[in-house]
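Hi,

Here is the structure I said I would pass on. Open it up first, then read on for what I found.

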Amino acid sequence: MKQNMITGNPARSLIAFVLPLILGNMFQQFYSLADSMIVGKTLGQDCLAAVGSTSSICLVYVSIANGLGIGCSVVISQLFGARDYVKMKTAFNTAFTAIAGFTILALGIGVITGNGLIELTNIPQHIVGDARSYYFIYVAGFPGLFFYNIANSGFNALGKSRMPLLFLLLSSVLNIGLDLWFILGFHWGVAGAAIATIISQYLAAVLSFVLLLRYIRKNFRTEEKPQLFNSGILKTMGKVAVPSMITQSVVSVGFVALQSLVNGFGTDVMAGFVAACKIDGIAVIPVVQAGNAMSTFTAQNIGAGKIERVTKGFRAILAIDVVICVAFFLILQFFKEPFVGLFMDASASENAIRFGCDYLTIMACFYVVFGIMNSISGILRGAGDAVPAMISTLLNFGSRIAFAYIMVALGGNEMIIAWSNAVGWGVGLIISLTRFLTGKWKKKNLVAAQES
């Protein structure tokens with residue numbers, strides 16, 4: 001059955017699409033959550049800080065993979081909405097070919113630049129060995145990371161957000177089991193956590209890739225044979241993928257810069273920051289995925305020439321954002337301390353727990369701002385209006401980093417890190433909302449532009 005979001009009630013279509021996205025992303029988050037919880041509880045606060053300090057570097061490559069996925073997803077969604085299935089299948093083939101070459105490039109860059117990036121993050125010397133171990137093992141998992149993201153983006157482009165749920169659940173359970181086995185059974189320490197993560201990542205990649213190919217062959221039979229590679233389609237994908245990759249990469253470098261600032265406050269703050277970021281990462285999943293759902297919804301409807309449905313969908317997603325953000329605000333106010341405690345062992349300092357709780361309190365107050373900003377950016381991405389979306393995000397993170405470093409230089413304490421997020425989200429919302437209100441995104445149609 002070919003599922004789409006170009007007919008029916010927009011709110012129902014978005015809810016049906018976004019719920020599996022949220023669940024799937026939460027299962028994916030279990031990879032890093034399992035690492036952090038088990039490392040923190042069994043190996044101690046210093047090892048948790050080591051894993052967390054390299055996570056910001058690894059996020060650079062995760063973000064590049066996400067950027068590539070966004071570019072491919074928007075084009076495929078618009079072709080799907082236009083019912084041009086031959087060209088849609090060609091787009092899939094082109095994406096898989098391109099990602100294979102990019103994966104080799106990423107592996108080389110990851111190995112060559114690893115030591116330099118670790119030095120830039122200002123990691124304390126007594127944990128830098130564990131940090132290097134975790135990072136270089138994680139780099140070995142790049143093929144799984146990139147192919148999983150592209151396959152997952154393909155499912156989402158077709159409106160089939162339920163498909164990846166099963167293998168994500170299986171790989172998450174496997175990751176937790178392997179973490180315990182490698183750390184407690186084999187005593188491999190931080191390296192064991194990294195090995196468990198990449199094994200689970202490869203499983204998710206293989207399952208999603210095979211399942212996607214079978215789904216396409218079964219449901220999109222065409223008389224004309226699709227091309228294995230099309231440079232024109234790759235160029236069209238690049239119009240969204242390149243700005244998205246730049247955006248995601250700069251965002252990740254921004255996280256590295258913030259991590260370096262955090263590291264300067266010592267291991268107590270580092271451990272509290274890691275714990276708070278893991279919890280915050282779960283809390284924002286629903287609104288992040290609401291933005292991704294809005295991107296697919298927009299792309300399919302623009303491809304089908306139904307611009308008016310995008311506005312209706314936007315009203316629906318705003319209501320969803322508000323409900324989600326208020327719910328997580330209340331949850332974190334009442335349960336922040338036990339949540340932070342999940343990542344700490346019995347010897348964890350009061351300062352680490354206090355910082356983690358205070359950080360979450362400030363972040364939760366501004367989730368609504370983040371949610372609205374993210375949904376508007378989703379519309380711009382889905383329309384193919386990628387450059388304004390890129391500018392919004394770059395100014396968001398640029399202002400965040402500038403605010404944090406300036407305020408710390410002026411004598412601000414570690415809580416400036418949390419307040420900097422609120423500043424950045426406010427700037428990003430103003431930029432993206434201004435572009436949305438101009439209506440220029442409505443004139444973007446990557447499929448029509450390519451045909452002309």
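One thing before you start: this is a predicted model. On the surface side, the protein chain has an accessible area of about 17700 Å², and 67% of that belongs to carbon and sulfur atoms. Of its 452 residues, 57% count as buried.

Now the overall build. The protein chain has 16 helices and zero strands, so don't go hunting for arrows in the cartoon view. The C-alpha trace spans about 65 × 45 × 35 Å along its principal axes. How does the radius of gyration fit a compact globule? For 452 residues such a globule would have a value near 22 Å, and the protein chain has 21 Å, which agrees. Contacts reach far along the sequence too: counting those with a separation of 6 or more, 86% are between residues 24 or more positions apart.

Next, charges. There are 30 positive and 19 negative ones in the protein chain, and the mean positions of the two groups are 18 Å apart. In general, side chains of opposite charge can pair when their charged atoms come close. How many salt bridges does the structure hold? It holds three.

Start with arginine 354, because it takes part in a small network of salt bridges with Asp358 and Glu414. Its side chain meets that of aspartate 358 at 3.4 Å, N to O. Both residues lie in helix 12 (residues 350–364), and they are four residues apart, about one turn of the helix. Are these two buried or exposed? Arginine 354 is partly exposed, with a relative accessible area of 33%, and aspartate 358 is partly exposed as well, at 30%.

The other partner in the network is glutamate 414, whose side chain forms a salt bridge with arginine 354 at 3.1 Å, N to O. Glutamate 414 sits in the loop between helix 14 (386–409) and helix 15 (416–438) while arginine 354 is in helix 12, so this pair ties together parts that are 60 residues apart in sequence. Glutamate 414 counts as buried because its relative accessible area is 14%, under the 20% cut-off.

The remaining bridge joins arginine 435 and aspartate 385, with the closest N and O atoms 2.8 Å apart. Where are they? Arginine 435 is in helix 15, and aspartate 385 is in the loop between helix 13 (367–383) and helix 14. The two are 50 residues apart, so to speak a link between distant parts of the chain. Aspartate 385 is buried, with a relative accessible area of 2%.

One last residue to click on is aspartate 280, in helix 9 (residues 267–283). Aspartate 280 is buried, with a relative accessible area of 11%. Which residues does it touch, leaving out those up to four places away in sequence? They are Leu360, Met363 and Tyr367. For methionine 363, the C-alpha atom is 7.8 Å from that of aspartate 280, although the two residues are 83 apart along the chain.

Have a look at these spots when you get a chance, and send me any questions.

Cheers

Conventions: Residues numbered from 1 in each chain as written. Predicted model: local features only at pLDDT ≥ 70, side-chain atom pairs only at ≥ 80, totals over all residues. Heavy atoms only, no water. Rg over C-alpha atoms; globule rule 2.2 N^0.38 Å. Buried < 20%, exposed > 50% of the residue type's maximum accessible area, 1.4 Å probe, protein only. Contact = heavy atoms within 4.5 Å. Areas by Shrake-Rupley, 256 points an atom, 1.4 Å probe, with all protein chains shown as cover. Lys, Arg positive; Asp, Glu negative; His and termini not counted. Charge placed at Lys NZ, Arg CZ, Asp CG, Glu CD. Salt bridge = Lys/Arg side-chain N within 4 Å of Asp/Glu carboxyl O.
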